[in-house]
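Me: Could you take a close look at the salt bridges in this model for me? I would like to know which side chains pair up and how exposed the partners are.

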Amino acid sequence: MTLPTASRYLHKRGLWLSSAVVAVLVLGLSTSSQTPINEASAAGTENYAPTEKQRRVSKLVSAVVERSHYRQSAINDPISSVMLDRYLESLDAARSYFLASDIREFERIRYQLDDAVLNGSIDPAFSVFNRFRERNRERLSYALELLKTEPDFTVDESFEYDRSKAPWPKDTAELNELWRKRVKNDALSLILTGKTWTETRDILSKRYDRALKNLDKTTSEDVFDVFMNAFAHVFDPHSNYFSPRESDEFKIAMSLSYEGIGASLSVVDDFVVVQNVIAGGAAAVSGLVSANDRITAVGEGKDGKLVDVAGWRIDDVVQLIRGKGGTTVRLQILPAGAAPGSTEKVISLVRSKISLEAQAAKQDIRTIQRDGKDIKVGVITVPSFYQDTDAAQRGDKDFRSLTRDVRKLIDNLKAEGVGAIVMDLRANGGGNLQEAIGLTGLFIGTGPVVQVRQTGGQIEALDDTDNSVAWDGPLTVVIDRYSASASEIFSGAIQDYGRGLVIGQQSYGKGTVQNVYPLDRFAANKEPGFGQLTITTGKFYRITGESTQHRGVEPDLALPSAISTEDIGESAMESALPWDRIRPAKFTRSGNITASVDPLLQAHNQRVANDPNYQYLLQNIAAYEALRKEKSVSLNLKTRQQERQRQDQERLQRENARRASDGLPTVTSLEELEKDKSDTPDPLLGEVAQITADFSTWWRSTPTSTLVKTSK
């Protein structure tokens with residue numbers, strides 16, 4: 001799934017690497033504008049038009065992008081063509097508002113938008129937005145009209161909820177039919193939770209009426225934001241425009257001073273979607289929230305009423321979720337990949353600031369038996385590549401950093417007599433570049449860690465200059481699809497040096513560098529308020545010369561994952577910069593450990609075939625994958641109830657089969673399971689520890705001529 005990309009906050013402090021973006025979209029449900037495209041505005045509404053300031057900002061943004069973006073692409077007709085496509089995707093990704101006739105009409109501006117942004121003549125973009133607002137109003141009014149009659153839930157028909165590749169509706173009749181099914185599905189989703197038709201009608205009436213009111217809250221700034229971001233995303237998905245208001249929010253996010261749940265949010269097809277779970281926040285600490293989860297309702301306190309937030313503006317939802325530190329907020333969540341109307345869960349989170357302490361690396365020891373002997377495997381979990389930059393800039397010699405913390409953890413593990421170490425970088429979206437270099441240095445001594453190529457073509461190798469090695473024994477690194485940026489620099493370097501094995505899933509593929517440009521500094525104006533621009537200005541390359549961009553890091557030993565590489569990652573994003581290579585840096589491999597992979601894989605396959613927890617993981621992944629591939633749902637109430645009962649029963653059977661194998665008491669319901677997750681294992685990490693124990697045995701039985709430790 002390609003998420004709409006109207007306006008985003010990029011987590012970036014100094015040189016901050018992250019796959020995560022905090023998206024604060026203003027897509028609410030609407031807009032308006034001036035109309036060179038022939039269209040009368042809806043009765044009682046006023047069309048929007050760009051302000052003089054926005055025309056000036058457009059010219060400034062296009063000039064900065066053309067001069068500074070890594071692509072070094074002229075803003076021309078091909079760019080204009082893609083710009084129109086991105087803009088329409090931002091407005092109507094589900095193709096549920098515009099008619100095919102609207103799209104044909106927009107074709108006449110396909111090759112005009114380049115000149116529009118360069119010259120500040122952006123009226124055509126506002127006209128498209130006006131049409132969207134008109135269609136939006138028509139749809140919501142029609143939805144409210146439909147609620148006057150209870151749908152027939154006994155009819156066998158289906159609703160196609162994934163319309164990203166569907167043709168645009170050819171006429172109003174087809175659009176009406178689409179919305180009839182959409183409203184029926186919204187109603188059915190509530191009926192399945194035990195609501196009566198009267199209660200359902202009341203909830204949906206308020207939802208659609210609120211969306212109509214949000215149309216009137218749309219501002220010219222909202223329109224401009226969406227269009228400028230559609231323009232920026234033509235070049236790559238990590239370049240963004242921030243309005244003055246969003247620039248202030250960006251500063252709050254960067255200071256980590258607000259009280260919230262620590263998750264970045266966006267709006268996708270009226271759903272509030274979790275874009276990313278931020279390390280150190282309440283959501284990450286709880287382990288109950290995942291990327292692409294959809295928040296359908298928010299409640300204050302432990303007992304507060306859950307408020308339906310479908311169709312809300314994102315800034316209103318953010319304000320509802322934020323609150324005083326130490327207080328509780330409840331979220332009703334539709335899990336990622338689940339069809340609309342699937343079983344939702346309600347979780348409680350205690351609001352808190354994102355802190356370095358909560359992000360800090362942690363250690364654990366797992367004892368594995370091999371040939372009658374115990375092998376202690378140390379596990380270091382790294383949520384992010386953090387550094388207390390404020391303390392470092394003040395000159396504090398004891399400032400907190402990931403590298404320093406991990407060095408201490410390694411010393412602790414060595415004192416405990418571990419024979420091997422696992423670095424767990426799953427779901428680690430990145431962080432401070434210097435920490436990626438420093439962490440690598442704990443295992444390799446001195447040498448290049450990563451190469452950076454800037455917009456102008458200059459290439460620089462960034463070295464670890466500390467010759468001390470904290471750990472020179474067996475090492476594995478576990479990654480998944482959410483491991484990105486700094487995580488990819490570290491795992492790629494460990495792999496390239498032959499210093500350790502990388503295990504898990506292909507990583508995210510975020511290998512680009514962004515810089516922030518405060519536009520007021522570029523504008524010859526005394527009156528501030530131009531906002532800021534985040535532009536991709538560089539790419540990262542491994543010391544072998546291969547980019548981490550797009551492809552990420554491929555594991556030496558692949559393990560299954562529920563995270564879809566088709567939906568998640570740089571390769572799933574429109575306009576992502578491509579993979580390429582440059583000349584390798586000069587470095588010396590620490591040793592040849594690839595010969596260990598085949599015997600490790602053979603032992604792994606034999607072991608997991610009889611591991612109930614691992615088989616439980618595989619079964620859950622298969623069930624999730626089957627749901628992910630579905631693009632439509634039944635609108636027959638009995639069919640949906642049977643589907644839900646079947647899915648719940650299958651999940652309960654899988655859970656109880658695992659519990660029985662582990663000698664644990666069975667559960668009688670999913671509600672009982674949700675209340676107590678203390679017995680839920682992490683079978684993947686357990687298997688990584690087993691593989692690492694085997695690797696330790698292989699390592700210590702291998703001639704030292706093969707393992708030339710950290711020499712250069």
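Reply: Happy to! Please keep in mind that this is a predicted model. The count of salt bridges comes to 40, and a few of them are worth walking through.

Let's begin inside a helix. E177 is partly exposed, at 33% relative accessible area, and its salt-bridge partner is R180, with 2.8 Å between the closest N and O atoms. R180 is partly exposed too, its relative accessible area being 27%. Both residues belong to helix α6, which covers residues 172–191, and they sit three residues apart, about one turn of the helix.

Next comes the pair D405 and R400, whose side chains meet in a salt bridge at 2.6 Å, N to O. Here D405 counts as buried, because its relative accessibility is 8% and buried means under 20%. R400, on the other hand, is partly exposed at 28%.

A third salt bridge joins the side chains of E566 and R628, at 3.4 Å from N to O. E566 lies in the loop between β22 (557–558) and α17 (597–608), while R628 is in helix α18 (residues 612–628), so this pair ties together parts that are 62 residues apart in sequence. The two ends have opposite surroundings: E566 counts as exposed, with 58% relative accessibility, whereas R628 is buried, with a relative accessible area of 9%.

Finally, there is a group to look at as well as pairs. D102, E105 and E138 are linked with R131 and R135 in a network of salt bridges.

Methods. Residues numbered from 1 in each chain as written. Predicted model: local features only at pLDDT ≥ 70, side-chain atom pairs only at ≥ 80, totals over all residues. Heavy atoms only, no water. Salt bridge = Lys/Arg side-chain N within 4 Å of Asp/Glu carboxyl O. Helix = DSSP H or I, 4+ residues; strand = E, 2+ residues; numbered from the N terminus. Buried < 20%, exposed > 50% of the residue type's maximum accessible area, 1.4 Å probe, protein only.
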